[in-house]
Amino acid sequence: MKGHFKKRGASWYYWVELERGPDGQRRQKSRGGFKTRKDAERAFAELRDEVRRGAYIEPSKLSLNRYLDEEWFPSIESSVRPTTLRNYRDLHEAYVKPTFGRTQLVNITPARLNEYYAELLASGRRASDGGLAPKTVRNVHSMLHKALTDAVRWGHLSRNPVSLAAPPKPARPEMKVWSPEQLRTFVECTRNDRLAAAWLLLVTTGMRRGEVLGLAWEHVDFTNDRLAVVQSLNVVNYHDVRLVQPKTAKGRRSIALDPTTIAALQAHRVRQLEERLQWGEAWAPSDLVFTRENGTAIHPQRMTSWFEQLARDAALPKIRLHDLRHSYATAALAAGVPAKVMSERLGHASVMITLDTYSHILPSMQEDAANSVAKLILEG
């Protein structure tokens, strides 16, 4: 096999004559979109190696839209979380289908993907002029990578072009947290709120919103002052809320509780039993710890709205509900709680995620460590 190379515009292409097919027809293979001749030569060498090993697969002429809608989404429906599938479908409908989705699988190249990502960054928004955030573009990249990995496994492609594309680097958002004093103010101002125990639980454990709303009484151990995180209440399809399993094994965890939080949960249980008696047969049977007055689940967005109103009433700086988790973690690490312990309490997949997320407080921790150890060694 001998490859032929040519530059068209700013990109390099190669083409090659393959062995005739079973019908005797000539088969010519070509690919383009390479930035340099060296890239084109490298791709040709990979093709030649595949042909020699008998591993070459004739790329599918399916469009990306047809592949996703007719094959990929139906195949993963039973193996991914409902929220994950919904997110994938939303990304496809909003950002892939209108433009890039008409591209045939055979014509998807790393260079074309990079151009597509640049287009999304520049003018990818639907409702208004402007580009998408780097994180959203990376989500599109992640979805396409998973989809085309399966396309390779199913024989549509010989390799995954998304693996060689370069999505934008994520822009780390500025983390806004409350100080321990501000957290204390929030707890004091919400002491008489119907969901006082929920707000305290968020502040003293760093649990996620969905984890708190998905907590069931059977998972609260008042004897040993602990609770188990085994499910989360998540939004699917905007209005539908469902209990789902944690994304990772580390997400399932046991969390020790302080006496004040235990007492708040016990008081909340008494309040909930009183509400159940008032509603009688109209009470919606549920074992959830935090519900609406009639026993039905609380929509996560409603809880976010309540939090924002309570923070305004307390005259506290504006932060997101999820930032209560960051505030708790920052305060705990600054107080000297080991990162490994915090990783376990927060349900991070690894301690490296904890260290990376809260790297902004590591310098001060190192200074404290240096001073403490030096004082112990030098002063006894």
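This report describes a three-stranded sheet, a helix and one threonine in a predicted model.

Residues are numbered from 1 along each chain as its sequence is written. In this predicted model, local features need pLDDT of at least 70, side-chain atom pairs count only at pLDDT 80 or more, totals for chains, interfaces and linings use all residues, and side-chain values use heavy atoms, with hydrogens and water left out.

The open sheet has 3 strands in the order β4-β5-β8, with antiparallel pairing. Because β4 (220-221) and β8 (253-256) stand at the edges with a single partner strand each, one side of each is left without a neighbour in the sheet. Strands are DSSP runs of E of at least two residues, helices are runs of H or I of at least four, and both are numbered from the N terminus; two strands pair if DSSP finds at least two bridges between them. Antiparallel strands β4 and β5 (residues 226-229) are joined by 2 bridges, and V220 has L227 of β5 as its bridge partner.

In helix α2 (residues 64-76), the buried residues (under 20% relative accessible area, 1.4 Å probe, protein chains only) include Y67, L68, W72 and F73. Among the elements covering the buried residues of α2 are α3 (82-96) and α5 (134-153).

T205 lies in helix α7 (residues 196-205) and counts as buried because its relative accessibility is 1%. Leaving aside residues up to four places away in sequence, T205 touches (heavy atoms within 4.5 Å) I255, L257, Y328, R345 and L346. The table gives distances from its side chain to two backbone atoms.

| Side chain | Backbone atom | Distance |
|---|---|---|
| T205 | oxygen of L201 | 2.5 Å |
| T205 | nitrogen of M207 | 3.2 Å |

Notes
Buried means under 20% relative accessible area, exposed over 50%, partly exposed in between (1.4 Å probe, protein chains only). A polar contact is a pair of N or O atoms within 3.5 Å; within protein, one must be able to donate a hydrogen and the other to accept it, and residues adjacent in sequence count only if both atoms are side-chain atoms.
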